Each structure stands twice: as C-alpha cells, then as structure tokens.
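Open the model in your viewer and keep the selection box handy. We will walk through it stop by stop, with a short note on what to select and what you will find there.

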Amino acid sequence: MDRVREVIADLKSYLEYLRGMGLEALPVSESIPMKRQANPSAVTRPGPTLEDVRSELGDCQRCKLHRTRRTIVFGEGNENAKLMFIGEGPGYDEDVQGRPFVGRAGQLLTKIIQSMQLQREDVYIANVIKCRPPQNRNPEPDEIASCSPFVLKQISAIRPTIICALGTFSAQMLLKTTAKITALRGKVFSLDATRVIPTYHPAFLLRNPEKKKDVWEDMKRIMEVLREEEKTD
C-alpha cells in the first residue's frame, strides 16, 4: 500500500512539474505531500552555525570579485534543511537583491522545488561563490578557491541529507573532479555523510528545455532518498 501511494505521489508531482514548466498536463485535484520535518541531527549538532559562518565571511575582500559586486549573496532557507541546493554564483538579480536564485533561473528552481511538494522555506539554497562575476561570466579558479571554504562550512552547519549540485562548477567543487555535469548527473555521490546528486543548472534548462525531463528524474531520485530517510526517523 505504501508503494502504491509513492507511485501516485510521483505521478501527481510529475504532472505538477510539467504544468509548472508550461507544458500541457492533466489537472491534479489532490497532492500527497512529503512529510516535512527538521533534520534531527541538526538540533544538537556541534561546530559552526550559519551565523558563525556569515560573521567569519564579513565584508569579504578575499578575491577580486569584491571590486564589482553590489552585495554578498550568502544563502537562505531552512537552517535544519535535509535538502540543500548549491549553484555556481549570483547573477544580476541576485546581486541587486542579495538573495540566491531570484532571477529567471531562480523562478524555475522555485517551480522545481514546488513540484517536489516542498517550498523554498523547506530547503537551503546557496552558491559556490558569494559575489557576482562581471557580466555573469564563469567563476575563475582563484575565486572558487577563495569562496568554497564558506559553502563547505555552510554544509557543515546545516548537515543536510542530500545536496543537489546545480551545474558543472558546483558539482566539480563538491566532488573534487574535472568531469562535466553531463557525466555526473543521474548518479549519487558521497560527501562525508551527505549524498550529492548533481543535475543541470536551471539557467541551462532555460536554454535547453528538452533537458527538463532529465532534471525531473534527478528530483525523483532525491525524493526517494528523502522518503527513505523519513522511514528511519
């Protein structure tokens, strides 16, 4: 019976995902949401808090990006999240608002999260680098080297069950690899006690909408892991 409910939940979530992506889909009259709860390991966790990490980051001038940024985009969401999304870096809208993933790619990410029967407030969203690169260029190695310790400390503070690495730069930094996202997505990796599931960046999906189906498969994998985690809690 539990398996039947999971299949129904997956089907209804997929239809909502298609509708959110602007595709035709049957209306969903009722959803079966995943149970949301705080990560119990985060309640008494040792080590730095997110506030500690933000304080250490300060008015960062550790790399050249501080010369052209407007704001530092630290991250936002549930500090006890079981699911964490990590992208590569802020864009124009993020630089203006000081929040991660609020532009067009961010709006798509929000729809993806909602299709998983979650809200942005249920997860934590951050980037490898905290300052916008000029003209939204790719982050350079020295910039990643300067900033990546802080996203790793964010992970240590949150201790999520799963990290969804959005795009090549995020996946490469977390997994210490030079492989491209096309070779990494669809697989599950480990980062200490946390699982890492790489997928395409939402900005890539805006340019290549045919890849949305692949991302949905990755989100289904994430939901399966979260359900299994709930069963053991």
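Start with the sheet: 6 strands form an open sheet in the order β1-β3-β2-β4-β6-β5, with mixed pairing. Look at its two edges, β1 and β5 (189–191), each of which pairs on one side only. Keep in mind as you go that this is a predicted model.

**Stop 1: inside the sheet**

Select residues 162–166 and 194–199, which are strands β4 and β6; they run parallel and are joined by 5 bridges. As a reminder, strands of a sheet pair through backbone hydrogen bonds, either parallel or antiparallel. To see one pairing in detail, pick I163 and look across to β6, where V196 is its bridge partner.

Now add residues 212–232. This is helix α10, and it lies across β2 (83–87), β4 and β6. Relative to β6, helix α10 runs at about 165°.

**Stop 2: an edge strand and its two arginines**

Go to E76 and show its side chain. Which residues does E76 meet in salt bridges? One partner is R99, at 2.8 Å from N to O. That pair links distant parts of the chain, since E76 sits in strand β1 (residues 76–77) and R99 in the loop between α4 (92–97) and α5 (104–115), 23 residues apart.

The other partner is R120, with an N to O distance of 2.9 Å. Here too distant parts of the chain are linked: R120 belongs to the loop between α5 and β3 (124–127), 44 residues from E76.

Are these side chains buried or exposed? E76 is partly exposed, because its relative accessibility is 22%, and R99 is also partly exposed, at 34%. R120 has a relative accessibility of 13%, so it counts as buried, the cut-off for buried being under 20%.

**Stop 3: the loop before α5**

Stay in the loop between α4 and α5 and select V102. Its relative accessibility is 14%, so V102 counts as buried. What does V102 touch? Leaving aside residues up to four places away in sequence, its contacts are D93, E94, Q97, Q107 and R120, so you meet the buried R120 again here. For a distance to check in the viewer, draw a line between the C-alpha atoms of V102 and G91: they are separated by 8.9 Å, with these positions 11 residues apart along the chain.

**Stop 4: along α5**

Select the 12 residues of α5 and compare its end C-alpha atoms: they are 17 Å apart, which agrees with the 16 Å expected at 1.5 Å a residue. Next, colour the buried residues of this helix, which are A105, G106, L108, L109, T110, I112, I113 and S115. Just after α5, click on Q117, where phi is positive at about 65°.

**Stop 5: a salt-bridge network**

Finish with E143 and R137. Their closest N and O atoms are 2.6 Å apart, and the two form a salt bridge. E143 is buried, with a relative accessible area of 0%, while R137 is partly exposed at 25%. Widen the selection to K64, R137, E140, D142 and E143: salt bridges that share partners join these residues into one network. In general, side chains of opposite charge can pair when their charged atoms come close. If you would like to hunt for others, the count for this model comes to 12 salt bridges.

Key: Residues are numbered from 1 along each chain as its sequence is written. This is a predicted model: local features need pLDDT of at least 70, side-chain atom pairs count only at pLDDT 80 or more; totals for chains, interfaces and linings use all residues. Side-chain values use heavy atoms; hydrogens and water are left out. A salt bridge is a side-chain nitrogen of Lys or Arg within 4 Å of a carboxyl oxygen of Asp or Glu. Helices (H or I, at least four residues) and strands (E, at least two) are DSSP runs, numbered from the N terminus. Buried means under 20% relative accessible area, exposed over 50%, partly exposed in between (1.4 Å probe, protein chains only). Contact means heavy atoms within 4.5 Å. Two strands pair if DSSP finds at least two bridges between them. Axes are lines fitted to C-alpha atoms, for helices over the stretch in contact, and angles run from 0 to 180 degrees between N-to-C directions. The expected span of a helix is 1.5 Å times one less than its number of residues.
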